[in-house]
Amino acid sequence: MLPFLIVCPLVFLAGFVDAIAGGGGLISLPAYLLTGLPVHNAIATNKTSSAMGTAIATFRYARSGYIPWREAAAGVAFALVGSTIGAKLALLLDDRVFRIVMLVILPLTAVYVLRGRALKETEEREEFPLRKTIAIVIAAALVIGVYDGFYGPGTGTFLILILTGAAHMDLRKANGVTKAINLATNVAALAVYLFSGKVLLTLGLTAGLFSIAGNYAGARFFSSKGAKSVKPVILAVLTIFFVRELWKLLS
């Protein structure tokens, strides 16, 4: 019962943040790990709830007309490949080694994602020709797809920053393409983890309902203010996670 009480509220918050500006994994993955789950089970189960929540957010963005389908379709195809590779690489790492890797990567990711610019609207620029935009989307989807399959936190924010900065997409389109790519990376990685038997379905599906609710609420209140307001919560969760994991490794 305790894992559900820890995971579900934090996954709701993660879904809300992720639907707005990405970075929800900075809350949801530590939430699973705080329950004492092995790393691979935590990542795999987190993919279950994340995929459910991202599916709802993607649907809402599609209905609102925020997804340019040509760019999104190209990104999704390469995101599936990248995420599958990343998930298979993650399964090759020993649990203890993976925890050490996380203690290095997670704080660095958090610093980048929680920087002011990462959660603020980026300035709009003149759009590139379609072919150039698609080429950048494909490269971003493949590289970030590997990262998301392997680990994940910050994926949405990284994609938004690349698509607005490098591809010159406006923020709404970038958010729409990001949601489509992120859904693809979650589904591909989840398939790998399901076949490996690492997913705790009861916990993942239950948390997934909370992720759906959070993503639904976040997609309705699409603004940088919402993400900015939960920065203290993200930092608190990360601090608790970091101290706990460091204690376990040293004890």
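Reader: What does Ser28 touch, leaving out residues up to four places away in sequence?

Author: In this predicted model, Ser28 touches Val11, Ala14, Asn46 and Ser50, with residues up to four places away in sequence not counted. Ser28 itself sits in helix α2, residues 25-33.

Reader: And why is Ser28 called buried?

Author: Buried means under 20% relative accessible area. Ser28 has 3%, so Ser28 counts as buried.

Reader: What makes Lys179 buried, and where is Lys179 found?

Author: Lys179 is found in helix α8. Its relative accessibility is 1%, which is under the 20% cut-off, so Lys179 counts as buried. There's also a link across the sequence here: Asp18 is 161 residues away along the chain, yet the C-alpha atoms of Asp18 and Lys179 are separated by 9.3 Å.

Reader: Okay, let's do helix pairs. Why are α3 and α8 called roughly antiparallel?

Author: Look at the angle. The axes of α3 and α8 cross at roughly 150° and come within 8 Å. Angles over 145 degrees count as roughly antiparallel, so that is the name for α3 and α8. Their crossing is left-handed.

Reader: Which residues of α3 and α8 meet?

Author: On the α3 side you'll find Ile43, Ala44, Lys47, Thr48, Ser50, Ala51, Thr54, Ala55, Ala57, Thr58 and Tyr61. On the α8 side there are Asn175, Gly176, Lys179, Ala180, Asn182, Leu183, Asn186, Ala189, Leu190 and Tyr193. By class, this contact has eleven nonpolar, eight polar and two charged residues. Notice Ser50, which we already met as one of the residues touched by Ser28.

Reader: How do you know that α3 is mostly covered?

Author: Count the buried residues: 18 of the 25 in α3 are buried. The helix runs over residues 39-63 and reaches 36 Å from its first C-alpha to its last, close to the 36 Å expected at 1.5 Å a residue. Just after α3 comes Gly65, with a positive phi of about 80°.

Reader: Now α6 and α8. What makes α6 oblique to α8?

Author: Helix α6 (residues 130-150) and helix α8 (residues 171-195) pack at an angle of about 40°, and their axes are 9 Å apart. Roughly parallel needs an angle under 35 degrees, and roughly perpendicular needs 65 to 115, so about 40° leaves α6 oblique to α8. The crossing of α6 past α8 is right-handed.

Reader: Which residues make that contact?

Author: From α6 come Val137, Ala141, Gly145, Asp148, Gly149 and Phe150. From α8 come Val177, Ile181, Asn182, Thr185, Asn186, Ala189 and Tyr193. Sorted by class, they are seven nonpolar, five polar and one charged.

Reader: Why are α6 and α7 called roughly antiparallel?

Author: Their packing angle is about 165°, with the axes 10 Å apart. That angle is over 145 degrees, so α6 and α7 are roughly antiparallel to each other. Here α6 passes α7 in a right-handed crossing. The residues that meet are Ile136, Val137, Ala140, Ile144, Tyr147 and Asp148 in α6, and Thr155, Phe158, Leu159, Ile162 and Leu163 in α7. This contact has nine nonpolar residues, one polar and one charged.

Reader: What makes α7 mostly covered?

Author: Nine of its eleven residues are buried. Among them are Phe158, Leu159 and Leu163, which also take part in the contact with α6.

Reader: What about His168: where is His168, and why does His168 count as buried?

Author: His168 is in the loop between α7 and α8. At 16% relative accessibility, His168 is under the 20% cut-off, so His168 counts as buried.

Reader: What is phi of His168 near?

Author: Phi of His168 is near 60°, a positive value in a residue other than glycine. For background, most residues other than glycine have a negative phi.

Reader: Zooming out, how many helices and strands are there?

Author: There are eleven helices and zero strands. Across the protein's 251 residues, 55% count as buried. As for contacts between residues at least 6 apart in sequence, 84% join residues at least 24 apart.

Definitions and conventions. Residues numbered from 1 in each chain as written. Predicted model: local features only at pLDDT ≥ 70, side-chain atom pairs only at ≥ 80, totals over all residues. Heavy atoms only, no water. Axes fitted to C-alpha atoms, helices over the stretch in contact; angles between N-to-C directions. Helix = DSSP H or I, 4+ residues; strand = E, 2+ residues; numbered from the N terminus. Left-handed = near helix turned anticlockwise from the far one by under 90°. Contact = heavy atoms within 4.5 Å. Nonpolar A, V, L, I, M, F, W, Y, C, P; charged D, E, K, R; others polar. Buried < 20%, exposed > 50% of the residue type's maximum accessible area, 1.4 Å probe, protein only. Expected span 1.5 Å × (residues − 1).
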